[in-house]
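Colleague: I'm just getting started with models like this one, so please pick a single part and take a close look at it for me. After that, walk me outwards to whatever else is worth seeing.

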Amino acid sequence: MDDLFEKLEQWNDADEYTRCIEAIEAIPEGERGYQLTLLLGRAYSNLAVLGDHRECQGEDDDDVDQETLARALEIFESIREEGQNDPYWHSRIAYALYMAENREAEALEYAKKWLALDPENKNAQQLIDDCVDYLRQEDQRELFAHLDLYDKADMDTIEAHIETHFGKFDWIMHETVPGEYVHLDICVIPPRENHNYYTLVTMGMGAYTMNAPEKDEARAELLINLPPDWNLDEDAWEDEHWFWPVGILKALARYPMLHNTWLGWGHTVYGSEDSHADNTKLCGVVLLSPGVFGDPASVCTLPNGEPVNFYQVIPLYREEIEFKREHDVDRLLEKFPDELLEVIDPARPNVITDAEAIAYDDALMDEAKTHLAVIRDKQLPVEELAAYNHMAIYLRWCMEHDRMSNPFLAEHKDVVEAVKGGQVSDLRVFLRDSEDLRGRLHLTWFDREGTEFARWYSWGSKATPYNYNKDIAAHARAYFGDDRHGGEAYLFVPWDERYYQEMAEIISQRFAQWEALEENQEPRKTLCIRPEDIRPLLPDWNGPRGCFASDRVMVDGCKVGELYRLEPDRGDEGWDSGWNFLAGDEDEEYCDDSRHFSIYDLNTLCNHDPDIIPLLGMPYGTWLERGEDGQFYEAEDEAGEDEVEGLAEKAKEFVKDVLADETSEYYGIVSYFMEFHRDDLPENMVKALFPVENPSALTLTEMADYLQLKRFGSFLDEETEEQRFIMDLTFDPEITNELLVIYFNADRQIVNISHES
């Protein structure tokens with residue numbers, strides 16, 4: 001028998017496993033005993049993994065003969081009782097299980113027992129390490145298998161977009177352990193020319209398709225700008241003072257997946273705490289287009305044609321979020337100077353509570369006091385009137401090209417006519433001394449084209465491809481042929497007609513470029529009134545002359561059946577009267593198509609339908625409908641108190657229906673709202689919200705009965721030109737600020753549900 005054991009070891013070392021098997025199996029099974037049976041199992045295991053003379057190397061599962069390996073495991077199992085305290089038996093079954101399909105976890109347990117029986121055995125420890133590494137990798141693969149991931153072509157496209165429009169990234173914050181839904185990396189772009197700050201951009205969020213109302217809003221990535229001295233060292237990640245902006249990006253990136261919703265432009269989200277960190281009172285965010293990087297930065301088109309929208313994350317104070325909710329995001333942005341939006345400042349002024357101190361005017365293009373301060377502070381050897389030079393050039397060009405607004409012409413018609421007639425060429429003193437100009441350029445002084453051109457060209461925004469002040473500076477450098485005066489060279493250029501004519505030519509070129517933009521190409525429409533039939537019916541109208549009208553009125557020739565007046569966006573007050581005119585029979589589908597509406601001069605509308613002339617002076621917020629007698633009356637669409645209560649009950653029943661149907665598009669939103677209040681809040685708060693013996697036993701449907709009406713109102717949807725009603729439902733508003741927002745159309749039908757904090 002000793003000779004057999006010696007030969008078996010020789011054959012094993014020579015990788016002749018089949019000879020081992022044949023020799024052992026030649027002995028009757030009942031006569032083999034424990035040791036020979038163990039060696040038989042070893043031979044089958046080695047044959048399955050390595051093959052005779054290592055014909056298979058066992059480098060992956062496909063190289064392993066699983067049927068032969070199963071035979072080995074059967075043999076080991078047959079001597080389990082005898083092998084319980086034998087480290088070698090544990091080693092052999094551990095190796096066999098490690099190479100069997102999906103049995104690595106079992107192998108780990110046997111390897112641990114092997115090491116316990118033979119603590120000094122390095123092979124046992126190595127097998128334990130191999131099992132742990134493999135299982136960790138499998139866990140990672142399992143997690144990744146459930147993630148939405150970009151493919152290589154998509155990832156290359158996203159990376160190229162980031163580097164082209166935001167900057168080259170030095171490094172990437174990789175997620176070493178995948179989170180839920182997506183694998184999220186964050187590209188870190190260091191401070192660079194024209195953008196002296198860090199830009200952090202997510203890469204991975206857009207692989208997930210959000211539950212958005214429109215397909216082109218379903219994918220998104222996020223970015224945030226941090227000051228150049230922000231600590232992004234890995235050691236600082238444990239300090240919330242530095243890490244909270246990264247935490248915001250990570251949380252927001254998964255917010256749509258967790259709540260079965262979507263994030264898009266203008267959306268606001270409250271943080272879960274009173275502030276993002278204890279060194280700031282900022283507590284929420286709004287998502288905006290990354291305008292400082294130019295319009296093309298906002299959208300990346302994947303190879304399959306689907307757009308990925310890039311949104312800049314702007315942290316907000318609570319008062320700012322509440323203001324946005326009461327009004328809208330455009331009204332909020334009118335209060336923000338660009339510098340407060342561009343880069344995070346944890347201690348920045350609050351544009352609501354500090355509005356008086358900020359004194360920001362969103363429509364202000366330029367003002368002389370900025371340039372006067374440069375002259376005085378640096379004691380430049382130029383006359384102070386030089387501070388008005390470039391503004392006077394721009395204003396004169398606009399006057400000569402009929403780009404002034406009706407309110408401006410009403411006040412300064414004599415000056416405009418003198419400029420156009422050639423009697424006046426120098427407007428610097430006019431700019432300085434006029435009581436309403438006060439040394440400023442302001443959007444409200446220009447007509448519609450003048451205002452939109454100014455926004456594109458001379459408003460001073462970094463988002464514009466050209467900037468008037470940049471052209472002024474370039475002209476000054478070209479005039480002197482060097483940089484002798486540095487950034488103040490524009491103040492040294494001599495004031496004369498040549499200076500004006502050279503800059504006027506540049507402005508005209510820029511205007512032609514702006515006119516040629518695709519968004520400025522309006523379709524030609526055959527109007528119901530001929531140009532030669534239009535008479536001047538508003539000789540005393542000194543207000544803005546622009547208005548909106550549907551094709552039913554101006555193309556089909558219907559009388560005005562409905563009109564309403566909205567307050568214009570800041571900066572548009574010079575040209576936009578706020579009036580909107582409809583025939584009254586336009587349905588929602590018709591109004592959803594912006595091609596059915598155009599901008600006209602009020603005088604044109606009055607020529608078509610003179611009945612509206614007496615109504616033009618009515619205030620913003622006016623909403624009138626024509627009655628059967630041909631007269632106009634206030635629209636009666638406000639819901640009464642009884643109706644509001646009825647709508648609240650209707651909303652609760654709708655919520656219950658949603659909770660009863662897991663396939664509903666709103667199920668994720670509503671169920672999360674309910675579960676958050678029942679399961680995630682402190683116990684004392686839950687008991688206060690739901691005064692029953694065991695609140696945790698409440699079903700989601702039962703919870704709907706505890707919803708309360710917090711607020712109800714109506715608004716005009718500027719996109720659809722239709723009235724909408726909005727209802728905020730919550731539990732006790734003294735305890736929670738979470739809202740379930742219900743939207744109704746004009747027919748009181750529920751058209752949308754959202755969750756807001």
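Modeller: Let's start at Arg403, which sits in the loop between H16 and helix H17 (406-420). The helices here (H or I, at least four residues) and the strands (E, at least two) are DSSP runs, numbered from the N terminus. Before we go on, you should know that this is a predicted model, where local features need pLDDT of at least 70 and side-chain atom pairs count only at pLDDT 80 or more, while totals for chains, interfaces and linings use all residues. Residues are numbered from 1 along each chain as its sequence is written, and side-chain values use heavy atoms, with hydrogens and water left out.

Back to Arg403. With a relative accessible area of 16%, Arg403 is buried; that word means under 20%, while exposed means over 50% and partly exposed is in between, using a 1.4 Å probe and protein chains only. Who are its partners? Setting aside neighbours within four places in sequence, Arg403 is in contact with Trp397, Cys398, Trp445, Phe446, Asp447, Glu449, Gly450 and Phe511. Contact just means heavy atoms within 4.5 Å.

Helix H16 turns up again in a different story, that of the enclosed spaces. Rolling a probe the size of a water molecule over the atoms shows where empty space is left. Here a cavity is a set of points on a 1 Å grid, over the protein atoms alone, where a 1.4 Å probe fits but cannot get out, and a lining residue has an atom within 4 Å of a point. Points are joined across faces, edges and corners, and the volume is the space filled by probe spheres set on them. Counted that way, there are two cavities of 30 Å³ or more.

The second largest one holds about 40 Å³ of space, and its lining is made of Met365, Asp366, His390, Met391, Leu441, Ser458, Tyr468 and Asn469. Strand S9 (364-367), helix H16 (389-400) and helix H20 (468-480) are the elements that each give two or more residues to that lining. Sorted by class, you get four nonpolar, three polar and one charged. In this scheme Ala, Val, Leu, Ile, Met, Phe, Trp, Tyr, Cys and Pro are nonpolar, Asp, Glu, Lys and Arg are charged, and the others, Gly among them, are polar.

Now hop over to the largest cavity, at about 70 Å³. It has 13 lining residues, and Ile314, Pro315, Leu340, Val343 and Ile344 are the closest to its centre. Strand S8 (307-316) and helix H13 (338-342) are the elements giving two or more residues to this lining, with S8 giving the most, four residues. By class, the lining of the largest cavity splits into eight nonpolar, two polar and three charged.

For contrast with buried Arg403, try two loop residues with an odd backbone. Gln379, in the loop between helix H15 (368-377) and H16, has a positive phi of about 50° although it isn't a glycine. Gln379 counts as exposed, at 69% relative accessibility. Arg438, in the loop between helix H18 (428-433) and strand S10 (440-442), also isn't a glycine and has a positive phi near 50°. Arg438 is exposed too, at 52%.

A middle case is Lys559, found in the loop between helix H22 (551-554) and strand S12 (562-565). Lys559 is partly exposed, at 44%. Leaving out neighbours within four places in sequence, its contacts are Leu582, Ala583, His608, Asp609, Pro610 and Arg626. Glu502, in helix H21 (residues 497-515), is partly exposed as well, at 27%. Glu502 and His475 are 27 residues apart in sequence, but their C-alpha atoms are 8.5 Å apart.

Finally, zoom right out. The protein chain has 28 helices and 20 strands. Its radius of gyration is 37 Å, well over the 27 Å that the globule rule gives for 757 residues, so the chain is more spread out than a compact globule. That radius is taken over C-alpha atoms, and the rule is 2.2 Å times the number of residues to the power 0.38. Along the principal axes, the C-alpha trace spans about 125 × 75 × 50 Å. Of the 757 residues, 50% count as buried, Arg403 being one of the buried ones.

Key
On a 1 Å grid over the protein atoms alone, a cavity is a set of points where a 1.4 Å probe fits but cannot get out, and a pocket is an open set with protein on both sides within 12 Å along at least five of seven lines; lining residues have an atom within 4 Å of a point.
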